[in-house]
Amino acid sequence: MALPRRVLLIGEDLELCRDIERILRFVDCEVITASPRDVPAEASGAACTAVFLAVKTVEEDVLVHFAELHRHVPLVLVQDPDDPNPLCARLQTLAAAKLDWPCNYPALAQCFEGLSQPSGTPPVRSPELFRSLAGESPAIQRTRKLIQQVAPSDATVLVLGESGTGKEVIARNLHYYSPRRQRPFVPVNCGAIPSELLESELFGHEKGAFTGALSARQGRFEMAEGGTLFLDEIGDMPLSMQVKLLRVLQERTFERVGSNKTMQCDVRIVAATHRNLDEEIRQNRFREDLYYRLNVFPIEVPALRERVEDIPVLVEDLTSRLKAEKKCTIRVSAAALRLMQKHHWPGNVRELSNLIERLAILFPNGTVEARDLPEKFQRHAPASLDEEGRLENAASADEESAFTMPQRASDAIGASPRLPEDGLDLREHLNQLECELIKQALDECNGVVAHAANLLRMRRTTLVEKLRKYGLRSEETSII
């Protein structure tokens, strides 16, 4: 029986909710209980693996809206088989399973089995499809919400983010939750195909169209007909191809290489890039008209260092996948997780995934301690660790945290700040502080952005964005 790990229980009868919660906890489910009136504000639904609905009299349109918003979470209706007033037909359609109450263990097991085949909704998300979207940080929750909002439409989506953040994962999610999910999802890496072959790759060619064209061949647009075409690394596409792509996006027609026959196409375009397209436009490497054609609905994927609180959840997801693939399994200690959360993660979730796989090879079916992590993680380790990777003296650790660290911060930034009596706008204050430190870094590096970015421990593209945000760009500032 496949058990959901975290259940949101919505009910109005406190005694009934207590009984259901007791049963679910008995089978090792974490349960969060909410009343129907709290449903609109309940944000936990997106992070739960199942929703149990145990209500009799309530405004059903509120529950229908909630269920449709969280279609990716299987819905279980807890019902009295003798109730003459069942819930509305729309909720019955959205439900993945129904559970007659009171129930016995076989009925509960059958209910959980039904969660893998929901009726009227996409199947329960698979870890292979949704890798890197695990977590409950505000950043990843915002990303999931944007996916839910735009997926049902045919709007063109531009996915922006650093390498390794999971841009193709976002694209597959958009396809999976769209009405096109029964049709093909076709990815093409625009930066990996030579420019002279890219046109043929996208639009296909006729026999004899060029040397080596021994037979006619479909292009990716034809393969994706009715489905989704994912143009990865669109920022690396040559300018000559950008013109042709723009025409296809505008006219929804194209011709194979070597043919004068116009073909219609019905595809949903999702593009992605790790490049700063605004900067590429200024450097005349990307067409502005194509940018605005693609940038209908932008989704920025957060870097892993911007959601380090999700690392324990991601590690659990990755180790569970290794176990499911019957390779091996490992356990990562709390001390090791703390060191992971202090790492900069330039490779993002891909780097984390590779690390977990490497650790699983080195320590099969064992526990990874802080000392077992690669050397680059050890710079964040406390000065003295015991054999289990913990601080030898907990009291001294508290003192180090309470007194030494603020002193170090004051050494780096200046005198320890004091909160004014009438308070302050924290966001504004932090922006001013960030702006001042960026100015200092640029002065130290004679305006060379790449060097200033290294000094500030951030990517050059991130610093360029911040320069634009604070209006610090100037003619003498180098972006090399």
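A crossing of two helices is right-handed if the near helix is turned clockwise from the far one by less than a right angle. Helix α8 passes α10 in just such a right-handed crossing. That pair is one of several features picked out below from a predicted model. The protein has 480 residues, and 45% of them count as buried. Its secondary structure comes to 20 helices and 14 strands. Among contacts with a separation of 6 or more, 68% join residues 24 or more positions apart.

**The five-stranded sheet**

- Five strands form an open sheet in the order β7-β8-β11-β6-β12. Their pairing is parallel.
- Strands β7 (185-189) and β12 (297-300) are the edges, and each pairs on one side only.
- On average, neighbouring strands of this sheet are turned by 20° against each other, with direction ignored.
- Strand β8 (residues 228-232) runs parallel to β11 (residues 268-273), and four bridges join the two.
- Threonine 228 has arginine 268 in β11 as its bridge partner. Leucine 229 stands opposite isoleucine 269 in β11.
- Strands β6 and β11 also pair in the parallel sense, over four bridges. Here valine 157 stands opposite valine 270 in β11.

**Strand β11 under cover**

- Strand β11 is mostly covered, with six of its six residues buried.
- In a regular strand, side chains alternate between the two faces of the sheet.
- On one side of β11 sit Arg268, Val270 and Ala272, all buried. On the other side sit Ile269, Ala271 and Thr273, also buried. Both faces of the strand are therefore covered, given that buried means under 20% relative accessible area.

**Helices on the sheet**

- Helix α6 (residues 138-150) lies across β6 (157-160), β11 and β12. Its direction runs at about 155° to β12.
- Helix α7 (residues 167-176) packs on the sheet as well. This helix touches β6, β7, β8, β11 and β12. The direction of α7 makes about 155° with that of β7.

**The α8 and α10 pair**

- Two packed helices are described by the angle between their axes and the distance between the axes.
- The axes of α8 (residues 195-203) and α10 come within 10 Å and cross at roughly 15°. Angles under 35 degrees count as roughly parallel, so α8 is roughly parallel to α10.
- From α8, the contact is made by Leu198, Glu199, Leu202 and Phe203. From α10, Met241, Lys244 and Val248 take part.
- These contact residues divide into five nonpolar, no polar and two charged.

**Two residues with positive phi**

- Most residues other than glycine have a negative phi.
- Glutamate 233 has a positive phi, near 50°, and is not a glycine. This residue lies in the loop between β8 and α10 (239-251). Its relative accessible area is 11%, so glutamate 233 is buried.
- Asparagine 348 is not a glycine either, and its phi is positive at about 60°. Its place is in helix α15 (residues 348-362). With a relative accessible area of 0%, asparagine 348 is buried.

**Two buried residues and their contacts**

- Serine 200 belongs to helix α8. Its relative accessibility is 8%, so serine 200 counts as buried.
- Leaving aside neighbours within four places in sequence, serine 200 is in contact with His205, Phe210, Arg217, Gly219 and Val257.
- Threonine 253 is found in strand β9 (residues 253-254). Its relative accessible area is 9%, so threonine 253 is buried.
- Residues up to four places away in sequence are not counted among the contacts of threonine 253. Those that count are Arg247, Val248, Thr262, Met263, Gln264 and Cys265. Val248 is also one of the α10 residues in the contact with α8.

Conventions:
Residues numbered from 1 in each chain as written. Predicted model: local features only at pLDDT ≥ 70, side-chain atom pairs only at ≥ 80, totals over all residues. Heavy atoms only, no water. Pairing = 2+ DSSP bridges. Axes fitted to C-alpha atoms, helices over the stretch in contact; angles between N-to-C directions. Contact = heavy atoms within 4.5 Å. Buried < 20%, exposed > 50% of the residue type's maximum accessible area, 1.4 Å probe, protein only. Parallel < 35°, antiparallel > 145°, perpendicular 65-115°, else oblique. Nonpolar A, V, L, I, M, F, W, Y, C, P; charged D, E, K, R; others polar.
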